Amino acid sequence: MTGAVSPDRRRFLTAGAAVLGAAASAQLWLPSTARAAETPLPDGVFSLGVASGDPLPDGVVLWTRLAPYPLNGGGMPDAVVPVQWELAEDERFGRVVRRGTAQAQPAYGHSVHVDVRGLRAGRTYWYRFRTGGQLSRTGRTRTAPARHSSGGNLKIALASCQNWQHGYFTPYADMLAQDPDVVLFVGDYIYESTPSATAVRRHEGTGEPYSLTQYRNRYAQYRTDPDLAAMHANAPFVVTFDDHEVDNDFAGEIPQDPAKQPHDAFVARLTAAYQAYYEHMPVRATAVPNGPHIRMHRRLEFGRLARLNVLDTRQFRSDQATSQAGAQDPSLTMLGAGQKQWLLDGLRDSPARWNLIASQIMMAETDLQVGEGKLWFYDAWDGYQAERNAFLKEFRNVRNPVVLTGDRHLTMISDLKEDFADPDSAVVGAEFVGTSVSSNGDQDQTAFHQEWDPRLPDNPHWKLLDAHRGYHLLDVRRDGIDARVRIVDTVLKPQATPSTLARLRVDAGRPGVRVV
């Protein structure tokens with residue numbers, strides 16, 4: 001999907017000023033009588049920016065949310081507000097190809113999700129919104145390649161775990177400069193933790209969010225980060241959630257602390273959290289929540305080059321094991337029967353060269369016990385080993401499986417083994433566990449290596465282990481995936497110096513990953 005960056009695109013990246021040039025023509029969207037009938041609105045309705053997501057060969061989702069007072073419930077009148085949108089082939093909107101009006105409803109926090117169709121495959125488009133005489137910033141997006149195309153490349157930025165209180169989201173500034181085709185965000189978009197007086201940046205509110213308004217305020221705060229907002233406005237995102245969008249380490253309808261959160265109260269919390277998640281993400285109407293349920297697992301195709309299976313490893317899982325025997329219990333499930341079969345079917349019938357799986361939590365084994373014996377994190381796939389092992393056996397018959405993961409706040413890049421209990425078992429795939437955007441802050445590297453380096457002999461499948469903040473950039477081509485681990489020197493300041501920590505390669509037809 002990528003090629004040389006055109007001068008027009010470079011101007012967009014560096015200046016971000018297309019909205020100024022567009023303002024003069026914005027009044028042409030509607031006749032004067034319609035403009036006069038618009039509901040008077042407070043200034044700053046587009047404070048949360050714009051975004052796009054889930055690209056298809058012929059379409060993409062465009063998003064915004066009207067919120068003049070973003071940290072105080074939004075500040076919009078209790079009325080449906082019409083929002084005009086338009087999408088063009090150029091950033092000056094001289095060649096508009098689609099336009100329309102969406103209804104921003106109070107019931108959904110005045111969020112707008114426009115599922116634009118009828119577009120050309122593999123094309124860059126620009127879009128914007130207007131209401132009440134106010135114009136949003138301009139966003140840039142891109143459709144997926146044509147369904148049967150087999151060439152080209154796809155540049156994916158893998159990100160996760162952005163804790164507002166642990167630091168600034170400086171890795172996004174570098175990601176913007178790298179100009180990915182799509183950003184894959186695999187969980188912990190917000191953190192539900194209470195405000196801390198000693199944090200780098202303090203969470204809004206007075207405690208953890210439980211109500212819909214509280215979750216809206218927390219998402220709105222994160223959306224005001226300028227680097228995150230700029231990245232959302234520059235490339236489509238494909239998102240899924242992990243635990244902190246709701247409650248740390250929750251499983252299905254079971255909270256982290258059942259003694260403190262009765263079932264009915266936690267179901268109400270799930271309902272609020274899922275709705276706020278939908279309201280702030282560029283996802284389709286298939287993700288509109290139904291009470292404490294939301295459809296997040298889905299499949300996106302990037303021609304015949306790559307199939308992306310996006311998982312939901314929270315909503316359908318059994319409660320976490322508490323012992324080694326429990327982790328090996330065949331009755332435990334991470335995905336639930338329906339999603340498990342959906343994933344298996346999607347792997348078995350895939351026509352794609354690369355079969356990518358977005359999994360919020362790590363699939364490769366993490367043996368924490370130095371020397372004899374095993375010690376696992378039960379919240380990861382290690383806690384659901386029967387189901388994990390069944391997938392790994394299936395990978396033998398899948399073309400080029402690669403798992404893309406978050407959660408750990410570490411870079412952990414591994415070979416996937418058919419059976420981690422057998423050191424001689426076959427390598428069947430590769431996994432990139434991306435580090436965090438900001439969670440854990442500027443980690444003490446010496447202390448990290450003192451803790452983790454002794455575990456390397458017990459985990460020979462690990463190819464790279466690191467604790468800097470950043471993201472992974474993967475260039476997917478027919479013959480292989482070239483990956484770069486991009487890191488920043490700090491997240492404790494609004495600006496940072498980026499660099500490439502390591503380069504890795506996955507060759508088509510040869511399972512596993514190697515450091516270049």
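Is the crossing of α5 and α7 right-handed or left-handed? In this predicted model, the crossing is right-handed.

## How α5 and α7 pack

Two packed helices are described by the angle between their axes and the distance between the axes. Here, the axes of α5 (residues 212-223) and α7 come within 8 Å, and they cross at roughly 35 degrees.

On the α5 side, the contact uses L212, Y215, R216, Y219, A220 and R223. Helix α7 brings R269, A272, A273, Q275, A276, Y277, E279 and H280. Sort those residues by class and you get eight nonpolar, two polar and four charged.

## D247, in the loop before α7

D247 sits in the loop between β11 (237-239) and α7. Its relative accessibility is 3%, so D247 counts as buried.

Look for Q261 if you want a partner: the side chains of D247 and Q261 share a polar contact of 3.3 Å. Setting aside neighbours within four places in sequence, D247 also has E192, E208, P255, Q256, D257, F266 and R269 among its contacts. R269 turns up again on the α7 side of the contact with α5.

## R284, in the loop after α7

Move past α7 (263-280) and you find R284, in the loop between that helix and β12 (298-302). R284 is buried too, with a relative accessible area of 11%.

The R284 side chain reaches the backbone oxygen of D54 at 2.8 Å. Not counting residues up to four places away in sequence, R284 touches D54, L56, G59, V60, V61, D115, R117 and Y278.

Notes:
Residues numbered from 1 in each chain as written. Predicted model: local features only at pLDDT ≥ 70, side-chain atom pairs only at ≥ 80, totals over all residues. Heavy atoms only, no water. Helix = DSSP H or I, 4+ residues; strand = E, 2+ residues; numbered from the N terminus. Buried < 20%, exposed > 50% of the residue type's maximum accessible area, 1.4 Å probe, protein only. Polar contact = N/O pair within 3.5 Å; in protein donor to acceptor, adjacent residues only side chain to side chain. Contact = heavy atoms within 4.5 Å. Axes fitted to C-alpha atoms, helices over the stretch in contact; angles between N-to-C directions. Left-handed = near helix turned anticlockwise from the far one by under 90°. Nonpolar A, V, L, I, M, F, W, Y, C, P; charged D, E, K, R; others polar.
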